[in-house]
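The following report describes the fold of one protein chain and then turns to selected strands, helices and loops. It is intended to be read alongside the sequence and the coordinates.

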Amino acid sequence: MMSPSSSAPRPRPRGWTRLAAVAGLVLTLGLGGCASVYLVDSEVRSFARWSPPPAAAAPQWYLFDRLPSQNEGPAARAQTELEQLALQQLAPLGWRVAGTDDPAPTWRVQVQASTLRLPHAPWESPADAFGPGYRMGRLPSGQAFWMPGGMRIATPYYERRLSLLVRDARTGQVVYETQAAHDGRWNDSPEIWRAMLSAALRDFPQPPAGQRHIAIEVPR
């Protein structure tokens with residue numbers, strides 16, 4: 001049986017309690033900040049060919065275009081969800097989906113998205129993602145040896161690509177093209193697609209030339 005003296009807690013070094021309290025407060029604040037939002041950063045390229053440029057001024061009426069493969073089965077449901085997200089992003093810009101009582105649509109809008117799920121990030125090796133980790137130890141003689149450091153859990157990595165095209169409904173000519181690419185570990189698909197669409201339509205209808213890095217805050 002353990003004696004009462006052996007079970008008594010050892011005295012902590014002076015300042016330990018204050019240090020622990022400060023560390024706990026910092027951790028709590030850090031976790032609180034991380035839990036509020038996360039960033040979806042996208043690489044965006046946009047191209048405008050309006051003729052003349054005021055042609056895109058709000059209000060405008062459009063309809064969505066689809067590929068034949070986007071009209072069947074699960075792909076059709078996914079495309080409907082994506083178009084709803086695009087509609088939500090275009091509405092504040094003064095662009096509306098044409099209804100039966102609205103003017104004839106001037107534009108056709110096509111939105112496409114794809115996701116590639118990787119078992120681990122491109123810079124990680126399969127051993128890092130799936131195998132046991134190892135760390136180096138030393139014997140009393142100074143000789144080095146390797147010991148298991150615990151099993152790592154694989155974390156998937158996602159490469160997402162999105163594009164939105166605007167065509168002249170009469171001629172079929174593409175007058176606006178925007179692309180967004182995002183890579184990361186987040187798997188909150190609707191929110192990420194919404195953030196990528198927001199980034200892709202930044203500065204619509206007259207975006208600056210060249211590639212842009214745009215980060216969108218997403219509530220958690």
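## Overall architecture

Among the contacts in the protein with a separation of 6 or more, 73% are accounted for by residues 24 or more positions apart. The model is a predicted one. Its secondary structure comprises five helices and nine strands, and from the N terminus on the elements follow the order α-α-β-β-α-β-β-α-β-β-β-β-α-β.

The protein has 220 residues, of which 29% count as buried. Its accessible surface comes to about 14200 Å², and carbon and sulfur atoms contribute 58% of that area.

## Strand β2 and its partners

Strand β2 covers residues 60–64, and its side chains alternate between two faces. Q60, Y62 and F64 point to one face and are buried, whereas W61 and L63 point to the other and are not. This agrees with a general pattern: in a regular strand, side chains alternate between the two faces of the sheet.

Strand β2 runs parallel to strand β3 (residues 95–97), and three bridges join the two. Within β3, W95 is the bridge partner of Q60. Between these strands the chain passes through helix α3 (residues 73–90), forming a β-α-β crossover that is right-handed. Strand β2 is also joined by three bridges to strand β4 (residues 107–118), again in parallel. Here the bridge partner of F64 is V109 in β4.

## Helix α3

Helix α3 has 18 residues and reaches 26 Å from its first C-alpha to its last, close to the 26 Å expected at 1.5 Å a residue. Its buried residues are A76, Q79, L82, E83, L85, A86, Q89 and L90. An α-helix has 3.6 residues a turn, so residues three or four places apart point the same way.

Which elements cover the buried residues of α3? The cover includes the strands β2, β3, β4 and β7, together with helix α5.

## Q70, between β2 and α3

Q70 is located in the loop that links β2 to α3. Is this residue buried or exposed? Q70 counts as buried because its relative accessibility is 9%, which is under the 20% cut-off.

The side chain of Q70 reaches the backbone nitrogen of L67 at 2.9 Å. Leaving aside neighbours within four places in sequence, Q70 is in contact with D65, A75, A76, Q79, V111 and Q112. Two of these contact partners, A76 and Q79, are among the buried residues of α3.

## L164 in strand β7

L164 is found in strand β7 (residues 157–168). With a relative accessible area of 1%, L164 is buried. Apart from neighbours within four places in sequence, L164 is in contact with A86, V109, Q110, V111, Y176, E177, T178, L197 and L201. A86 is one of the buried residues of α3, and V109 is the residue in β4 that serves as bridge partner of F64.

L164 and L197 are separated by 33 residues in sequence, while their C-alpha atoms are 8.4 Å apart in space.

## Cis peptide bonds and a positive phi

Most residues other than glycine have a negative phi, and most peptide bonds are trans. Where are the cis peptide bonds described here? One joins A58 and P59, with omega about 0°; P59 is found in the loop between β1 (37–48) and β2. Another runs from F204 to P205, with omega near 10°. P205 is found in the loop between α5 (189–200) and β9 (212–219).

D203 lies in that loop between α5 and β9. D203 is not a glycine, although its phi is positive at about 70°. At 41% relative accessibility, D203 counts as partly exposed.

## Q206 in the loop between α5 and β9

Q206 also has its place in the loop between α5 and β9. Its relative accessible area of 44% makes Q206 partly exposed.

When neighbours within four places in sequence are left aside, Q206 is in contact with A48, W50 and P53. Q206 and W50 are 156 residues apart in sequence, yet 8.9 Å apart in space from C-alpha to C-alpha.

Definitions and conventions. Residues numbered from 1 in each chain as written. Predicted model: local features only at pLDDT ≥ 70, side-chain atom pairs only at ≥ 80, totals over all residues. Heavy atoms only, no water. Buried < 20%, exposed > 50% of the residue type's maximum accessible area, 1.4 Å probe, protein only. Helix = DSSP H or I, 4+ residues; strand = E, 2+ residues; numbered from the N terminus. Pairing = 2+ DSSP bridges. Right-handed = clockwise from strand over helix to strand, strands pointing away. Polar contact = N/O pair within 3.5 Å; in protein donor to acceptor, adjacent residues only side chain to side chain. Contact = heavy atoms within 4.5 Å. Areas by Shrake-Rupley, 256 points an atom, 1.4 Å probe, with all protein chains shown as cover. Expected span 1.5 Å × (residues − 1).
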